[in-house]
Amino acid sequence: MATTVKDVKKGAKNLTTDKDLTAPAVKPLTLPKDNPVIYPLTLPESEARRQTPAVGQRASRPDGRLHGLGQTKYIDDLTFPHMIFAKVLRSEHAHARIISIDTSEAEAMPGVLATLTGKEIPVNSFGPTLQDQPVLADSVVRHRGDGVAAVAAVTEQIAADALEKIKVEYEVLPAVFDSLEALKDEIKVHPPHSNIYTSKVIKKGDVEKALAASDHVFHRQFRTQMVEHVPLEPHSSVALWDGNGRVTIYTSLGRITLGREDVARTLGMAQSKIRLVGTIVGGNFGGKNEITNEPILALLSKKTGRPVKCTFTRGDEFISSTIRHPFIMDYTSGVNKEGKILARKIRLVLDGGAYCSWTGTTIGKGSILAPGPYNIDNLLVEAYAVYTNKTTTGAMRGFGAPQVCFAYESQMDDIAEKLGMDPLEIRLRNAFSEGSSSPTSQVLQSVAVRESLIQASERFGWKEWTQ
Amino acid sequence: MLVQLKVNGELRSADVPPETTLLKMLREHLGLTGAKLGCDVGDCGTCTVIVDGQSVNSCLMLAAKASGRDITTIEGLANSADLHPLQKSFEELGALQCGFCGPGMLISAKNLLDKNPEPTVPEIRDALSGNLCRCTGYTKIIEAIQDAGRAMSSAGA
């Protein structure tokens, strides 16, 4: 007769008692009550663990407790046995040809274990859209933050001292700093290519005809400045090259899968041999969306057989990480007597800095959003991104949206003032509604611009404020 | 050079190069990575610790200068039984986003509450003037400090 599960259970019941199934009481570990260095041993379960479904609940962050205890481990908090430290020497010029780089004196310093120049990097270019950026510049520096050589040493101090011993000979080239100047292509940042490296045009209706038919035409140029993300945590990474020819990189990067593609490209290695480990990022805001010195650390680790760490100084952070694109925006709007916008013509010039980075996304989003959330039948948006010999511009919160918002909302105020209208009224009169068509003719759904404007203005007392 | 400190009630020492800052000694020689390196020039406050009852940018103080003194870091805020009231209110009110400014903020806040258990909002702002938060969370941080102050006062009363 076959034994059934039921039989087994029956037998088991006879063999064990309930007492056997109960875990023995654990005597709590006793520690001096006022020991200030030990973390609490037992605490009520974190709120975040019990929050589901989340809607309607007061939410707490799952990582909030560790943040408060100072236990969250950011990249710079990690150490590895025999870890050494890298520093990157940056260009002295905005635009120059590199004639020679001599690292011999730095290499001879006690405590210096290796140096690296761009020529030693298997594929010395990367970038999320165009691969136009060198990991370390090897022939030309295109802005003041371009790295030209790296040093790995047993302490950060020795690495910093060694940078001063590296001799770089430059032939200074004329540089271009203004994006409108750069449009003329008189000084090229990436010759023989034009400085205009990406552009976008959006057309709808007949803008010239509608402008001619307008009662009022408004024109103004708006400019925005460079903005650095300034994450409180500087970029940081640690690379460990192992004996199997694989490399593990702990990095403050926010996009580790894209980062791995770039690292694989620059090292000329299969992605399967590269492991990128991300952790909690101490502020990203778009500035940690692409690799910086990860390939440099990987190669220095390969050369030395030691884990290599590099944490940006605040100075590195400002000059060599990406920043927000400055925009020069020419807005021309045609409006009728009632305040209806009939036409809007826009030219955007994006200062791309020395390399492309996330400009593709920025120019796309900036152009599409440039006319604002308003029903305008006749549109022309022309956008150009240009190279200049300045800090590379890339992703930053909103990808171009805040710049154009500043321009179109400023122009809405200009229009309201000229027509003697309430600034809220001019917006309500033109705002998108359910089924409106976007500048690229996308039919919009779940549109609540008017409702939001009305509610917000009621809540903060717009009427009282303007009286 | 040998530097001896009292950190969170415990006597600690390390042999450090003379240029070592207090922050570097705590992080790299004593393994206390709670205080952070943000700017290295005393602007951002992520490295704040308490030295003899004064909140200090530990990136600007040489380890040797802290020799023999009493240091409190974020690791010393909780005890084996419970979180510090500030840690509780920061967690409950969601006062920290990326968390990188947190240890410095909490230490500055603790130093304030130790001296002034029920501070006004301007007093809190003043105490946090050396601590930057880039995720723009100051409102909740101020609320959390007031909340903790009230909790500590009512527990003490």
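Chain B, its helices and its contacts with chain A

From the N terminus on, chain B runs β-β-α-β-β-β-α-α-α-α, where helices (H or I, at least four residues) and strands (E, at least two) are DSSP runs numbered from the N terminus. This is a predicted model, in which local features need pLDDT of at least 70 and side-chain atom pairs count only at pLDDT 80 or more, while totals for chains, interfaces and linings use all residues. Residues are numbered from 1 along each chain as its sequence is written, and chains are lettered from A in the order in which they are written.

Q: What makes chain B as compact as a globular protein of its length?
A: The radius of gyration is taken over C-alpha atoms, and the globule rule is 2.2 Å times the number of residues to the power 0.38. For 157 residues the rule gives 15 Å, and the radius of gyration of chain B is 15 Å, so chain B is as compact as a globular protein of that length.

Q: Why are H3(B) and H5(B) called oblique to each other?
A: Axes are lines fitted to C-alpha atoms, for helices over the stretch in contact, and angles run from 0 to 180 degrees between N-to-C directions. Angles under 35 degrees count as roughly parallel, over 145 as roughly antiparallel, 65 to 115 as roughly perpendicular and the rest as oblique. Helix H3 (residues 102-115) of chain B and helix H5 (residues 138-156) of chain B pack at about 40°, with their axes 11 Å apart. The pair is therefore oblique.

Q: Which residues make the contact of H3(B) with H5(B), and how do they divide by class?
A: Two residues are in contact if their C-beta atoms, placed from the backbone, lie within 7 Å. Met105(B), Ala109(B) and Leu113(B) of H3(B) meet Ile141(B), Ile145(B), Ala148(B), Gly149(B) and Met152(B) of H5(B). Ala, Val, Leu, Ile, Met, Phe, Trp, Tyr, Cys and Pro count as nonpolar, Asp, Glu, Lys and Arg as charged, and the others, Gly among them, as polar. The contact thus has seven nonpolar, one polar and no charged residues.

Q: How many residues of chain B are in contact with chain A, and what gives the most to that side of chain B?
A: 38 residues of chain B are in contact with 36 residues of chain A. Helix H2 (85-92) and H3 of chain B are the elements that give two or more residues to this side. H2(B) gives the most, with four residues. By class, the side has 17 nonpolar, 13 polar and eight charged residues.
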